[in-house]
Amino acid sequence: AVLVAPGRVVAESWPVPAVGPSELRLRVRGCGLCGSDIAKIVDGGPAAPAVLGHEVVGEVVEVGPGVAGFAPGDRVVAAHHVPCGDCHYCRRQSPSMCRAFRASNLDPGGFAEYVRVPAANVAQATFKVPAHVSDEAASFVEPLACCLRAVRRARVEPGDTVVVVGLGSIGHLFVQVLAGAGAQVVAVEASPERRE
């Protein structure tokens, strides 16, 4: 699915990415549609043509030289960005501001048939998916990680009362994470379907 212009996504052939040292090639099994993807599609985000998608579940089809711990046939999730771990922002626990974080990315994106996972992403942010976990559930690893990080940074503790405004997919994840942290959760949502 290639973004060719603001608001216009078409099915198009895209080159299969080559794999280098310490990299993986995945055949995409599924990819979540993030609100940030929708915003980029509507507003034309990156320079077109572009393949978006970063909530990737895939099957390893090729392992580059030097990769350990992964083999063809493994089902994995791979994060699209990874921080350097050493810069000012990383030391302040703000990795999304790290230059390396902003520069790293899957190639091309999860809305393609094949994705190259760069070496840093393989080393730091690619994980095998247990057999009992569905592809659909695994596609929630990235948004769930965002929710977990937010709850940890907010230092939510058992007995706290927390309000979640909006019960889209992220709101639903927050409700579960907050309840798991022992908080009393109040959710606010206008849509009867989402409340249900």
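Start with helix H6, because that is the biggest contributor to the lining of the largest pocket: eight residues come from H6. This is a predicted model, so keep that in mind as you click around. The pocket itself has a volume of about 790 Å³. Its lining runs to 28 residues, and if you want to find the centre, look for His81, Phe101, Ala145, Cys146 and Arg149, which lie nearest to that point. H6 spans residues 141-153, and H6 isn't working alone: E4, E5 and helix H4 (119-125) each supply at least two lining residues as well. As for chemistry, the lining splits into 16 nonpolar, seven polar and five charged residues.

Two of those pocket elements turn up again in the interior. Strands E4 (55-63) and E5 (75-78) each give two or more residues to the largest nonpolar core, as do strand E3 (24-32) and strand E6 (114-117). In general, nonpolar side chains in soluble globular proteins tend to be buried together. Here, the largest core has 13 residues, and the ones touching the most other members are Leu24, Leu26, Phe70, Leu106, Val117 and Val122. E3 gives the most to this core, with three residues.

Leu26 is a good residue to zoom in on. Leaving aside residues up to four places away in sequence, Leu26 touches Val56, Gly58, Glu59, Val60, Val61, Val76, Ala78, Glu113, Tyr114, Val115 and Val117. There's also a second, separate core, this one of 10 residues, with Val151, Val164, Leu173 and Val177 among them.

Now for some backbone oddities, which sit in loops. Going from helix H3 (99-103) to E6, you'll pass Pro108 in the loop. The peptide bond leading into Pro108 from Asp107 is cis, with omega near 0 degrees.

Next, take a look at Gln93, in the loop between helix H2 (88-91) and H3. Gln93 isn't a glycine, yet its phi is positive, at about 65 degrees. Is this residue buried or exposed? Exposed means over 50% relative accessible area, and Gln93 comes in at 53%, so it counts as exposed.

Arg155 tells a similar kind of story in the loop between H6 and strand E8 (161-165). Arg155 is another residue other than glycine with a positive phi, near 55 degrees. At 67% relative accessibility, Arg155 counts as exposed too. That loop also brings you back to H6, the helix that gives the most to the pocket lining.

Note on methods
Residues numbered from 1 in each chain as written. Predicted model: local features only at pLDDT ≥ 70, side-chain atom pairs only at ≥ 80, totals over all residues. Heavy atoms only, no water. Core = buried A, V, L, I, M, F, W, Y, C linked by side-chain atoms within 4.5 Å. Buried < 20%, exposed > 50% of the residue type's maximum accessible area, 1.4 Å probe, protein only. Helix = DSSP H or I, 4+ residues; strand = E, 2+ residues; numbered from the N terminus. Contact = heavy atoms within 4.5 Å. 1 Å grid on protein atoms, 1.4 Å probe; cavity = no way out; pocket = protein on both sides within 12 Å on 5 of 7 lines; lining within 4 Å. Points joined across faces, edges and corners; volume = space filled by probe spheres on them. Nonpolar A, V, L, I, M, F, W, Y, C, P; charged D, E, K, R; others polar.
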